[in-house]
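Visitor: Could you choose one part of this and take me through it slowly? I'd like to see how the pieces are arranged around each other.

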2 protein chains.
Amino acid sequence: MVADLREKTGAGLLDCKKALGESNGNVDEAITILRKKGAASAAKKADRATKEGLIESYIHVGGKVGVLIEVNCETDFVARNEDFRAFVKDLCLQIAAASPQYVSRDEVPESELQKERDIAAAQVQGKPPAAVQKIVEGKLDKYYSTVCLLDQPFVKLPEKTVKELLTDQIAKIGENLQVRRFIRYQIGQ
Amino acid sequence: MVADLREKTGAGLLDCKKALGESNGNVDEAITILRKKGAASAAKKADRATKEGLIESYIHVGGKVGVLIEVNCETDFVARNEDFRAFVKDLCLQIAAASPQYVSRDEVPESELQKERDIAAAQVQGKPPAAVQKIVEGKLDKYYSTVCLLDQPFVKLPEKTVKELLTDQIAKIGENLQVRRFIRYQIGQ
């Protein structure tokens, strides 16, 4: 905890120990204590990389759509690998073209999911109850394949999902790969 | 409102009018109503550009740091202007190098500001009260110039702030320009 605080504040060992004592081990409070004493510099942030990976961008011709993505891997060796880089570029194109909102299903907020379930259930009113659940699940899958990057059909090869493409890359490269985050900007949106 | 709803859902004029009636003019609710009826396609989003501008990115050598930015202007003519494009590129470099967290002062959350004020006040304890306010204000200015893009000294010409650079560009180009948003990714951060 002391080492973590030192890394976050740049303050000395003794100052950090004392601040943690005063804050009863609360790191955020200890940072505030150190800053009040002037022992930590303002707005200093820990920015040590904890994982390897690649940040890549894509700007569509004309500059009206842009994408930024972070894909993590285990070693810097892989981060510099040409196959890996090409894969990350493909993901950028995918996001630019297909506008996903989330990386994976577990990022979809429960409230959104409930709304989709309600809409799907309303659409199938009157159908036999046995069929309803199946239809609703089908509609949810369709929703996921619209908003989740990993569930989308890969634009360059629509018979595969992006998740299948990722699995292929993991097998090929021999390292765990993870799409950590992405963002898509569009002018005026 | 009907036109807005049509744009957002792709549904027909009459369906939109009826849905707005049912929702008492609440557009979000009207969208849900239309989707339940199947008149609006799932996850369809309005993506008509309402402003002109440019989206630009910068990836630092090695792909460990990346920036995406949207800068708005009034006409597409300016968005294609070389000076404007060079200015937007400079902003990307600024963000990569100086890691601002906000575009401008008004984006800093009040809670953050209060924390900075408390810290500054604690640091100047014991000083004459007349001096305290001035010192605290000075420290806040310092804080803003660390975390707000527009308050930062421009890395390529530190005697100017980014805001001054922006003002120069507005005068030179003859259109209002606005940094709408940006994001900075760093591996593992």
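Guide: Happily! Let's begin with how the two chains are related. Chain A is superposed on chain B by a rotation of 180 degrees with 0.0 Å of shift along its axis, and the RMSD is 0.2 Å. The fit is by least squares on the C-alpha atoms of residues with pLDDT of at least 70 in both copies. A rotation like that is the relation of a two-fold axis. Both copies use the same surface, since 100% of the contact residues of chain A recur in chain B; contact here means heavy atoms within 4.5 Å.

Please keep in mind that this is a predicted model, in which local features need pLDDT of at least 70, side-chain atom pairs count only at pLDDT 80 or more, and totals for chains, interfaces and linings use all residues. As for the bookkeeping, residues are numbered from 1 along each chain as its sequence is written, chains are lettered from A and ligands numbered from 1 in the order in which they are written, and side-chain values use heavy atoms, with hydrogens and water left out.

Now look at a place where the chains meet. Helix α6 (residues 110-123) of chain A packs with helix α3 (residues 27-36) of chain B at an angle of about 40 degrees, their axes 8 Å apart. A word on terms: helices (H or I, at least four residues) and strands (E, at least two) are DSSP runs, numbered from the N terminus. Axes are lines fitted to C-alpha atoms, for helices over the stretch in contact, and angles run from 0 to 180 degrees between N-to-C directions. The pair α6(A) and α3(B) is therefore oblique; under 35 degrees would count as roughly parallel, over 145 as roughly antiparallel, 65 to 115 as roughly perpendicular, and the rest is oblique. From α6(A) come Lys115(A), Glu116(A), Asp118(A), Ile119(A), Ala122(A) and Gln123(A), and from α3(B) come Thr32(B), Arg35(B) and Lys36(B). By class, that contact has two nonpolar, two polar and five charged residues. Nonpolar covers Ala, Val, Leu, Ile, Met, Phe, Trp, Tyr, Cys and Pro, charged covers Asp, Glu, Lys and Arg, and the others, Gly among them, are polar.

Helix α6(A) also has a partner within its own chain. It packs with helix α7 (residues 129-147) of chain A at about 135 degrees, with axes 9 Å apart, so α6(A) and α7(A) are oblique to each other. Their crossing is right-handed, meaning that the near helix is turned clockwise from the far one by less than a right angle; anticlockwise would be left-handed. Among the residues of α6(A) that meet α7(A) are Leu113(A), Ala120(A) and Ala121(A), and the α7(A) side includes Val136(A), Leu140(A) and Tyr143(A). This contact divides into seven nonpolar, one polar and four charged residues.

Next, helix α1 (residues 2-9) of chain A: its axis comes within 11 Å of that of helix α3 (residues 27-36) of chain A, and the two cross at roughly 50 degrees. That makes α1(A) oblique to α3(A). Leu5(A) and Lys8(A) are among the α1(A) residues in the contact, with Ala30(A), Ile31(A) and Leu34(A) among those of α3(A).

Finally, the sheet. In chain A, three strands make an open sheet in the order β1-β2-β5, with antiparallel pairing. Two strands pair if DSSP finds at least two bridges between them. Strands β1 (52-59) and β5 (178-186) of chain A are at the edges with a single partner strand each, so one side of each has no neighbour in the sheet. From one strand to the next, the twist averages 10 degrees.

Strand β2 (residues 65-73) of chain A pairs with β5(A) over eight bridges, and Leu68(A) has Ile183(A) as its bridge partner. β1(A) and β2(A) are also joined over eight bridges, with Ile59(A) partnered by Gly66(A). These two strands form a hairpin with five residues between them, and Gly62(A) in the turn has a positive phi of about 100 degrees. Helix α5 (residues 82-98) of chain A lies across β1, β2 and β5 of chain A, at about 140 degrees to β2(A).
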